[in-house]
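Welcome! Below you will find a set of short exercises, each followed by a worked solution, to help you find your way around a new structure. Keep the 3D view open and try each task before reading on.

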Amino acid sequence: MRKAWSILPDEWKAVLQERGLRPFRADQILHCLYRDWISTWDDATTLPKELREQLKTDFPLTVAEVVEVSQSSDGTEKLLVRFEDGNTVETVLIPAKDRFTQCISTQVGCGMGCAFCASGANGVVRSLTADEIVAEYMLARRRGEITNMVVMGMGEPFANYDETMRALKLINAGKGPNLGARHITLSTCGVVPGFARLASEGIQFELSVSLHAPTDELRSELMPVNKRWPLDELLRACAEYTKATKRIITFEYTVIKGVNDSREMAETLARVVKRVPMAKVNLIPLSPVDHRPDFKTPDDKTMLMFLDVLMRAKVQTMLRRSRGKDANAACGQLRARSLPPRGIRRAATLNPQPSTFSPQ
Ligand code: SAH
């Protein structure tokens, strides 16, 4: 049985035919799914009743619900999404002047174990399927228009490559939600085999790489993935990716007070980044996480010093700020939660009114 939100628009004709259904229904079905944003097949009232019934059995819509909404004072909203098996992930909606960004999760928890990140503090429970990743988008989309997507929630997308890619291709598809590839950014902690795979897709998704340390010694301490794929291999994969795709790579560098924030580190970082043609750097101050109270946010002066060193070395650099900190919705603060069985919390926390976002 295939879930409807895991079927790419181009595949619908063939899957209908396989089931002895009329292929010409594909366009109508796509319209119901991605223009009317139906949440049950019963709402697909343009389709004949028998077809709706058959779609329910053959291509069910994924069961997923928003069980909690946390609002941050900066307008960021964090949705807690629960799937059929009771597992939950968090997805974050981030309004800005000219865009509305959704940050999505690809796994329940994360297996990469980066020291500073809450998502990995308890390991990975399971990967999401493509339709579950699409469901995160659908739940958010029903609340308002989304212009950009970042795969920067819980989980490592390259550790769940196939399902993540299928979901992103669907969200990008013209007859699907039609979100432009250049408006979709994948972020990896450096799972090297993913780079060549992504390059071979020939789709213009944006790619970010979480670097966070410019030496193997420190990076292995902060990010266990570095022991498997050390800097040399990672940078080579990045360079090959930019050569093959002619696309920029953005290195994310989370600055942690007293850990990776010295002038010397900044200078080393500049040298490392220059090994990759067409690379730029985003500097982000650490968001505090409960399990590592010893990791502290750096002050503005340190961030500016870091920026200055990189700029002088002619590395294109941006200072970013994390959004949604007071709702635990900022970078690295998302986590898996266990909830009471279905139905208990729901009545109290589900916001049944679809709301639209007002652009700021
Ligand atoms: N696994 C992918 C996707 C997660 S993206 C990756 O590692 O890239 C989330 C981003 O937030 C990553 O760059 C991650 O390193 C960063 N991050 C994690 N914990 C953080 C924290 N406490 N403060 C700031 N950024 C953090």
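## Exercise 1: Two residues with positive phi

N178 lies in the loop between helix 5 and strand 8 (184-188). Bear in mind from here on that this is a predicted model.

**Task.** Find what is unusual about the phi of N178, then decide whether N178 is buried, partly exposed or exposed. Do likewise for H212.

**Solution.**
- Step 1: N178 is not a glycine, yet its phi is positive, at about 65°.
- Step 2: The relative accessibility of N178 is 47%. Buried needs a value under 20% and exposed a value over 50%, so N178 counts as partly exposed.
- Step 3: Turn to H212, found in the loop between strand 9 (206-210) and helix 7. H212 is a residue other than glycine with a positive phi, near 65°.
- Step 4: H212 has a relative accessibility of 5% and therefore counts as buried.

## Exercise 2: A pair of rings

**Task.** Say how the rings of F158 and F195 are arranged, and why their pair ties together parts that are apart in sequence.

**Solution.**
- Step 1: The structure holds 5 aromatic pairs. In one of them, F158 and F195 have ring centres 5.8 Å apart and planes at 80° to each other.
- Step 2: Planes over 60 degrees apart count as edge-to-face, and this is how the pair of F158 and F195 is classed.
- Step 3: F158 sits in the loop between strand 7 (148-151) and helix 5 (161-172), while F195 belongs to helix 6 (residues 193-201), so the pair links parts that are 37 residues apart in sequence.
- Step 4: Both F158 and F195 are buried. Together with Y161, they form one aromatic cluster.

For another ring, look at F295: R292 lies over its face, 4.1 Å from the ring centre.

## Exercise 3: How helices pack

Two packed helices are described by the angle between their axes and the distance between the axes.

**Task.** Work out how helix 5 is oriented to helix 4 and to helix 6, and how helix 6 is oriented to helix 9.

**Solution.**
- Step 1: Start with helix 4 (residues 130-141) and helix 5, whose axes come within 8 Å and cross at roughly 45°. The two helices are therefore oblique to each other, and their crossing is right-handed.
- Step 2: Look at the residues that meet there. Helix 4 brings A130, I133, V134 and Y137, and helix 5 brings E163, T164, R166, A167, L170 and I171.
- Step 3: Move on to helix 5 and helix 6, which pack at an angle of about 30° with axes 12 Å apart. Angles under 35 degrees count as roughly parallel, so helix 5 is roughly parallel to helix 6.
- Step 4: The contact uses Y161, D162, M165 and K169 from helix 5, and G194, R197, L198 and E201 from helix 6. The crossing of helix 5 and helix 6 is right-handed.
- Step 5: Finish with helix 6 and helix 9, where the axes come within 9 Å and cross at roughly 5°. This makes helix 6 roughly parallel to helix 9. F195, L198 and A199 of helix 6 touch L234, A237, C238, Y241, A244 and T245 of helix 9.

## Exercise 4: Covered from outside

**Task.** Which residues of helix 10 are buried, and what covers them?

**Solution.**
- Step 1: In helix 10 (residues 263-273), the buried residues are M265, A266, T268, L269, A270, V272 and V273.
- Step 2: Their cover includes helix 7 (216-222), helix 9 (231-245), strand 10 (249-255), strand 11 (279-285) and helix 11 (300-312).

## Exercise 5: Two residues and their surroundings

**Task.** Find where V281 and G153 lie, and which residues they touch.

**Solution.**
- Step 1: V281 is part of strand 11. Its relative accessibility is 1%, so V281 counts as buried.
- Step 2: Leaving out residues up to four places away in sequence, V281 touches F251, Y253, V273, L310, V315, Q316, T317 and M318.
- Step 3: G153 lies in the loop between strand 7 and helix 5. With a relative accessible area of 15%, G153 is buried.
- Step 4: Not counting neighbours within four places in sequence, G153 is in contact with C103, I104, S105 and L334.

Terms used. Residues numbered from 1 in each chain as written. Predicted model: local features only at pLDDT ≥ 70, side-chain atom pairs only at ≥ 80, totals over all residues. Heavy atoms only, no water. Phe/Tyr/Trp six-rings, centres within 6.5 Å; stacked < 30°, edge-to-face > 60°. Helix = DSSP H or I, 4+ residues; strand = E, 2+ residues; numbered from the N terminus. Buried < 20%, exposed > 50% of the residue type's maximum accessible area, 1.4 Å probe, protein only. Lys NZ or Arg CZ within 6 Å of the ring centre and 35° of its normal. Axes fitted to C-alpha atoms, helices over the stretch in contact; angles between N-to-C directions. Parallel < 35°, antiparallel > 145°, perpendicular 65-115°, else oblique. Left-handed = near helix turned anticlockwise from the far one by under 90°. Contact = heavy atoms within 4.5 Å.
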